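Welcome! Take a look at the model below, and let us walk through a few of its features together.

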Amino acid sequence: MTQKNDPTAEPMIARDATYYRAPDALGSRIRASLAAEARSEARSQVRPTLWRWGGIAAAFAAVGVLSWNVALLQARGSDEDRLAREVVTAHVRSLMVESHLNDVASTDQHTVKPWFAGKLDFAPAVADLAASGFALAGGRLDYVNGRPVAALTYRHRLHVVNVFEWPATDARDQAPRSIALQGYAVVHWTRSGIEHWAISDVAGADLVTLAELLSKV
Amino acid sequence: MTRLARLEQSLLPHLDAAYNLARWLTRNDHDAEDVVQEAFVRAMRYFDSMKGAEARPWLLAIVRNTGYTWLERNRPADLVSIDDVGPLSTEVESAGHASGVDANPEVILLQSANRKLVNQALEELPIGYREVIVMREIEDLSYKEIASIAGIPIGTVMSRLARGRSLLKGLIENRMRKAS
């Protein structure tokens, strides 16, 4: 084909096909979602610095009991970090092959929840939140934090969300906290003695919404 | 300038190109919007890896990947694989001359086919041919850019274009025959 660099020599058969222009509303939606994403990235980068400053201030303030508290804070921080990494790994692994994702694939919470009975020593929170944009897709057993855990999967627009659940060591309720790691949003919270870790490649704010919805179940 | 502002400045001018490709991949307005929005969020995550690359092909590669992932999950039947090395099927050969690269009067006649008919025929084309024709003829990208977006060698871009055009020509002719 000698004419490969000469576009006029090409038979442009589809030249008259439609060039689809993006609807105006799409541009504004994208601007909004980029701004939201930027905010949630900024938030997750600010938090570790606050922790560190908190640690330094406390260390300056006193010795003894106070530095003991700092050690506890740091232990908690590194625990969070380790778990976030484990959750990212489990999430990525679950998406590698379609069959890894769900042991029980169903959008019916009354099918998914009983499936866990006898497989775990607790009852995970399961809800179909399709009306709020998080459609239940199924569940499976997974292994996180050195124990078998429930993994519930939800679909949010194009994204798969994994929610890992296991009994918390500290049973007190804890409000959702978000972290960004390797491009994933991770949100964790404790409710009714169950620790929840949600992860996906959506905006962090979307996972906080899911956390709030699941806390109402 | 903030990262967000830089991102908007380099990528938003290519929103139409992104939407056009997504629309031709998914063949549906609503799905195309979802794919484009998702692609921009991904682009934001990987923006630092764009470095000196040209924004339009870089963004379109992300749109294409996002579109394929979306189709895999929602309409896997759309992702028919195409044979890049085998002989042209008899159907293609009967539809027109196999090489189909000459700007002959027949092609000129085809070009006068109305837009609706061309659109329908192009939508019918297997995705592997459809995307290269859309990128080449509607989006005016170079072979090199198409090769990098689709992740295939330039030679494959050219052979897919030739076969795709030949198939498309057959589809348009069929429709014209039916219409007359």
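In this predicted model, a good place to begin is strand S7 of chain A, residues 194–200. Six of its seven residues are buried, so the strand is largely enclosed by the rest of the structure.

Who are the partners of this strand? One is strand S4 of chain A, spanning residues 159–167, which pairs with S7(A) in the antiparallel sense over six bridges. To find this pairing on your screen, look for A:Val163, which stands opposite A:Ala198 in S7(A). Strand S6 of chain A, residues 184–191, also runs antiparallel to S7(A), and seven bridges join the two. Here A:Arg191 stands opposite A:Ile194 in S7(A). S6(A) and S7(A) form a hairpin, with two residues between them. In that turn you will meet A:Ser192, whose phi is positive, at about 50°.

Now let us turn to the nonpolar cores. In soluble globular proteins, nonpolar side chains tend to be buried together. The largest nonpolar core here has 51 residues, and those touching the most other members are B:Ala18, B:Leu21, B:Ala22, B:Val36, B:Phe40, B:Val63 and B:Leu168. Helix H3 of chain B, residues 29–46, supplies the largest share of this core, with eight residues.

Which residues does B:Ala18 contact, leaving aside its neighbours within four places in sequence? They are B:Val36, B:Ala39, B:Leu59, B:Leu60 and B:Val63. Apart from this core lies another, made of 31 residues, including A:Phe116, A:Val126, A:Val149 and A:Leu210.

Definitions and conventions. Residues are numbered from 1 along each chain as its sequence is written. Chains are lettered from A and ligands numbered from 1 in the order in which they are written. This is a predicted model: local features need pLDDT of at least 70, side-chain atom pairs count only at pLDDT 80 or more; totals for chains, interfaces and linings use all residues. A nonpolar core is a set of buried Ala, Val, Leu, Ile, Met, Phe, Trp, Tyr and Cys residues joined through C-beta atoms within 7 Å. A residue is buried if 20 or more other C-beta atoms lie within 10 Å of its own, exposed if 12 or fewer, and partly exposed in between; C-beta atoms are placed from the backbone. Helices (H or I, at least four residues) and strands (E, at least two) are DSSP runs, numbered from the N terminus. Two residues are in contact if their C-beta atoms, placed from the backbone, lie within 7 Å. Two strands pair if DSSP finds at least two bridges between them.
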